[in-house]
Amino acid sequence: MTGGDHAAARCKWAAWVNFGDAVCLGTVGIGCSAALCSHVTFNAGARVNPWTFKQDTPYRFQAKHQTYYAGARYWYRKVYSGWWTGASMQFQEYNCGGFFSSETEEGNAYGLALAGGYSLVLCRHLNLDLGIGMWGGMTEFSEYSCPRCGRVISSGIKPFLRPNELIVSLVWIF
């Protein structure tokens, strides 16, 4: 057994909380992963934002969503330490708007995400993951003139490419 294989056998599972998701108006992000071999992990997780701000005023804004993803990371050194790159499939149900105008958009987005980062080992069972990701795909949407009136100004299917996540996660390794 090589050193990397030994690490994969010892560290098979991990769970994390991503504090970087909170940058998106208090989004909560959690996830878990399993080592498939000494350089690859399978990852799954969710991000949720149920908040609406200034709800009782005409100037309310929100970035409400629920996002689910599953994918894999490739670890250049060994699982749960050092540099990694990853890819995942994602689905998101969203309702956001009111930031710069009264228009809001809601819909379902689906696509592929790419991310990269570094996992700093703090102690035997605790890491700090730092990284960034982008995702692109298609969204089925409806755009409204204001959050309260419900007048549709456009709808359809359109492609998108945007930042996906800022990763600042505490990772517990089992």
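## Aromatic pairs

This predicted model holds five aromatic pairs. One of them joins Trp135 and Phe160, whose ring centres lie 4.8 Å apart. Their planes meet at 70°, so the pair counts as edge-to-face; the cut-off for that class is over 60 degrees. Trp135 belongs to strand E8 and Phe160 to strand E9, so the pair ties together parts that are 25 residues apart in sequence.

Are these two residues buried or exposed? Trp135 has a relative accessible area of 2%, so it is buried. Phe160 is at 12% and also counts as buried. The limit for buried is under 20%.

Elsewhere, three aromatic residues form one cluster: Trp75, Tyr80 and Trp84.

## Strand pairing around E9

Strand E9 covers residues 152–173. Strand E8 covers residues 126–144. How many bridges link E8 and E9? There are 19, and the two strands pair in the antiparallel sense. One residue match is Ser142, whose bridge partner in E9 is Ser155.

E9 also pairs with strand E1, which spans 13–18. Five bridges join E1 and E9, and they too run antiparallel. Here Ala15 has Trp172 of E9 as its bridge partner.

## Pro159 on strand E9

Pro159 sits in strand E9. Its relative accessible area is 63%, so Pro159 is exposed. Beyond its neighbours within four places in sequence, Pro159 contacts Gly137 and Met138. Tyr110 is 49 residues away from Pro159 in sequence, yet their C-alpha atoms are 9.7 Å apart in space.

## Three loop residues

Ser145 lies in the loop between E8 and E9. With a relative accessible area of 14%, Ser145 is buried. Leaving aside neighbours within four places in sequence, Ser145 touches Ser102, Glu103, Arg151 and Ile153.

Two other loop residues stand out by their backbone angle. Most residues other than glycine have a negative phi. Leu25 is not a glycine, but its phi is positive, about 50°. Leu25 is in the loop between E1 and E2. Its relative accessible area is 26%, so Leu25 is partly exposed.

Tyr80 also has a positive phi, about 65°, without being a glycine. Tyr80 is located in the loop between E5 and E6. Unlike a partly exposed residue, Tyr80 is buried, because its relative accessible area is 5%. This is the Tyr80 of the aromatic cluster with Trp75 and Trp84.

## Enclosed cavities

How many cavities of 30 Å³ or more does a search of the whole structure find? It finds two. The largest holds about 240 Å³ of space. Its lining has 26 residues, and those closest to the centre are Tyr69, Arg73, Ser88, Ala115 and Glu165. Strands E1, E2, E3, E5, E6, E7 and E9 each supply at least two residues of that lining. By type, the lining divides into twelve nonpolar, nine polar and five charged residues.

The second largest cavity has a volume of about 50 Å³. Its lining includes Trp75 and Tyr80, both members of the aromatic cluster. Arg73 is on this lining as well, and it is among the residues closest to the centre of the largest cavity. Others on the list include Ala14, Trp16, Asn127 and Asp129. E1, E5 and E8 each give at least two residues here. The division is five nonpolar, four polar and two charged.

## The largest pocket

About 530 Å³ of space lies in the largest pocket. It is lined by 24 residues. Which of them lie nearest its centre? They are Cys24, His65, Gln92, Arg162 and Pro163. The elements giving two or more residues to the lining are E5, E6, E7, E8 and E9.

E9 makes the largest contribution, with five residues. The lining of the pocket splits into eight nonpolar, eight polar and eight charged residues.

Technical notes. Residues are numbered from 1 along each chain as its sequence is written. This is a predicted model: local features need pLDDT of at least 70, side-chain atom pairs count only at pLDDT 80 or more; totals for chains, interfaces and linings use all residues. Side-chain values use heavy atoms; hydrogens and water are left out. On a 1 Å grid over the protein atoms alone, a cavity is a set of points where a 1.4 Å probe fits but cannot get out, and a pocket is an open set with protein on both sides within 12 Å along at least five of seven lines; lining residues have an atom within 4 Å of a point. Grid points are joined across faces, edges and corners, and a volume is the space filled by probe spheres set on the points. Helices (H or I, at least four residues) and strands (E, at least two) are DSSP runs, numbered from the N terminus. Ala, Val, Leu, Ile, Met, Phe, Trp, Tyr, Cys and Pro count as nonpolar, Asp, Glu, Lys and Arg as charged, and the others, Gly among them, as polar. Two strands pair if DSSP finds at least two bridges between them. Buried means under 20% relative accessible area, exposed over 50%, partly exposed in between (1.4 Å probe, protein chains only). Contact means heavy atoms within 4.5 Å. Rings of Phe, Tyr and Trp (its six-membered ring) pair if their centres lie within 6.5 Å; planes under 30 degrees apart count as stacked, over 60 as edge-to-face and the rest as tilted.
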